[in-house]
Amino acid sequence: MSRRRFGSVRRLPSGRWQVRYRTSDGRQHTAQETFATKTDATRHLAQVETDLSRGQWSNPRLGRTTFAAWATRWEATTVNLRANTQAAYRNLLHRYLLPTFGPIPLADLDAMAVRSWLAHLEREGVGASTRAKSYRLLSRILGTAIESGYLTRNPCTIRGAAAEPAPEMRFTTVAEVAALGDAIPRRFRALVLVAAYTGLRWGELAGLRVRRVDLLHHRITVAEQLLEVRGQLAVGPTKTVASQRTVTLPTVAAEALAEHLSVYAEAGPDGLVFPAERGGPIRRSNFTRRVWIPATRAAGVEGLRFHDLRHTAATLAVAAGASTRELMVRMGHSSSAAALRYQHVMAGRDAAIAAGLDELVEAASARSEDPVAGGSGTRVARTGRHRRKGDRR
């Protein structure tokens, strides 16, 4: 039997070689595998010693824990996450990760296993965005296994696998926003205009309380949002800390909101600004099917998503001269990446912007010739201006 400073290799009756060693806590460990030659066994022992000195060693016994068992333990520690985030993780875990990795010991997971899994998902028609989300979740779960000493390295090393394709961004013009506001039922007109000119997310609008609206100063404070988790509606925290913000409304949206508050909002400071027709929180799926899709068809913008109004608000803010920092604050972005994406998109649309500005100028000129002071709501929406008493014509 050959001995080293902290371990040894010995020949078994079968003729194969076994490796034993002690860790700094005094515990003795036996390598999970045996080796055909003494050289191979000695080489493995040397690698163990190197890993221990670098702090990269993991207990082989812990490495035999299955991914399913570890994922269950990990899931129990996610209580600090928002309810909808927990639900999203649970769906990805049970639908895409456990069927493949569930029975596999953590120590047996390698980059090839992960690569094969991604290829399988793609063959099954799983979308690129879902694959990226699933990959990031796998990497996160295995990352905690490393922190806890169950793994030495993360097998999620595939370049680009965590990146989601940039979602297609569709924008509407000011005239299209006005047309949509005219086509949608009156009780939802303010919802459309506020979304298109402030960029508030669906949940932020659906969970907005009357006391968060300051009509005097044309401001809305975003402090919470409506969440839907497994079919249940509840008010919860905003998406990020940066999402908690105060946004100033342009006149067209402020006036529409003032009218809406007097007719459709729930009573009291804690009443919902945009309740369902029968009261209570508005459910997005019902709104989309019954209200949004028919309205977009009638307005000539079929296929437009409600979230595209947020894209519209961002691009209009850029066109109005918002800096990266100003856009981040207004939209509630926690990093500059999204804001820069909008700015890059708009940088390539100079001609379209110029044409749009021409339309605004022409509409404003036509309105200045209208003998009726103030103009219609549609004209205000198209021009972005409202004549105040005493304004010169």
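1. Arg245 and Glu204 form a salt bridge in which the closest N and O atoms are 3.0 Å apart. The two residues come from distant parts of the chain: Arg245 is in strand 9 and Glu204 in helix 9, 41 residues apart. Both Arg245 and Glu204 are buried. The model discussed here is a predicted one.

2. Glu204 has a further salt bridge, with Arg201, and here the closest N and O atoms are 2.7 Å apart. Arg201 is buried, as is Glu204. Elsewhere, Lys133, Arg136 and Glu164 are joined into one network by salt bridges that share partners. The count of salt bridges comes to 12.

3. One of the salt bridges is between Glu75 and Arg90, with 3.2 Å between the closest N and O atoms. Glu75 belongs to helix 3 (residues 67-75) and Arg90 to helix 4 (residues 83-101), so this pair ties together parts that are 15 residues apart in sequence. Arg90 has a relative accessibility of 26% and therefore counts as partly exposed, since that class lies between the 20% limit for buried and the 50% limit for exposed. As a general matter, side chains of opposite charge can pair when their charged atoms come close.

4. On the overall make-up, the protein chain has 16 helices and nine strands. Of its 393 residues, 41% are buried. The chain exposes about 21,100 Å², and carbon and sulfur atoms supply 50% of that area. When contacts between residues at least 6 apart in sequence are taken, 61% of them join residues at least 24 apart.

5. The largest nonpolar core holds 44 residues, and those with the most contacts inside it are Leu180, Ile220, Leu257, Phe287, Trp292, Phe306 and Leu309. Elements giving two or more residues to this core include helix 7 (174-183), helix 9 (202-206), strand 6 (219-222), helix 10 (251-263) and helix 11 (284-299). Helix 8 supplies the largest share, eight residues.

6. Which residues does Phe287 touch, leaving aside its neighbours within four places in sequence? Phe287 is in contact with Ile184, Phe188, Leu191, Trp202, Ile282, Trp292 and Phe306. Apart from the core described above lies another, of 28 residues, with Ala71, Trp117, Leu121 and Ile141 among them. In soluble globular proteins, nonpolar side chains tend to be buried together.

7. Strands 5, 6 and 9 make an open sheet of three strands in the order 5-6-9, with antiparallel pairing. Strand 5 (213-214) and strand 9 (245-248) are at the edges, each with a single partner strand, so one side of each has no neighbour in the sheet. Two bridges hold the antiparallel pairing of strand 5 with strand 6, and Val213 has Ile220 of strand 6 as its bridge partner. Ile220 is also one of the residues with the most contacts inside the largest nonpolar core, and Arg245, of the opening salt bridge, is in strand 9.

8. Is Leu45 buried or exposed? Leu45 is in helix 1 (residues 38-54). Its relative accessible area is 0%, so Leu45 is buried, the limit for that class being under 20%. The C-alpha atoms of Leu45 and Gly7 are separated by 7.2 Å, although the two residues are 38 residues apart along the chain.

Conventions. Residues are numbered from 1 along each chain as its sequence is written. This is a predicted model: local features need pLDDT of at least 70, side-chain atom pairs count only at pLDDT 80 or more; totals for chains, interfaces and linings use all residues. Side-chain values use heavy atoms; hydrogens and water are left out. Helices (H or I, at least four residues) and strands (E, at least two) are DSSP runs, numbered from the N terminus. Buried means under 20% relative accessible area, exposed over 50%, partly exposed in between (1.4 Å probe, protein chains only). Contact means heavy atoms within 4.5 Å. Accessible areas come from the Shrake-Rupley method with a 1.4 Å probe; for residues, only the protein chains shown count as cover. A nonpolar core is a set of buried Ala, Val, Leu, Ile, Met, Phe, Trp, Tyr and Cys residues joined through side-chain atoms within 4.5 Å. Two strands pair if DSSP finds at least two bridges between them. A salt bridge is a side-chain nitrogen of Lys or Arg within 4 Å of a carboxyl oxygen of Asp or Glu.
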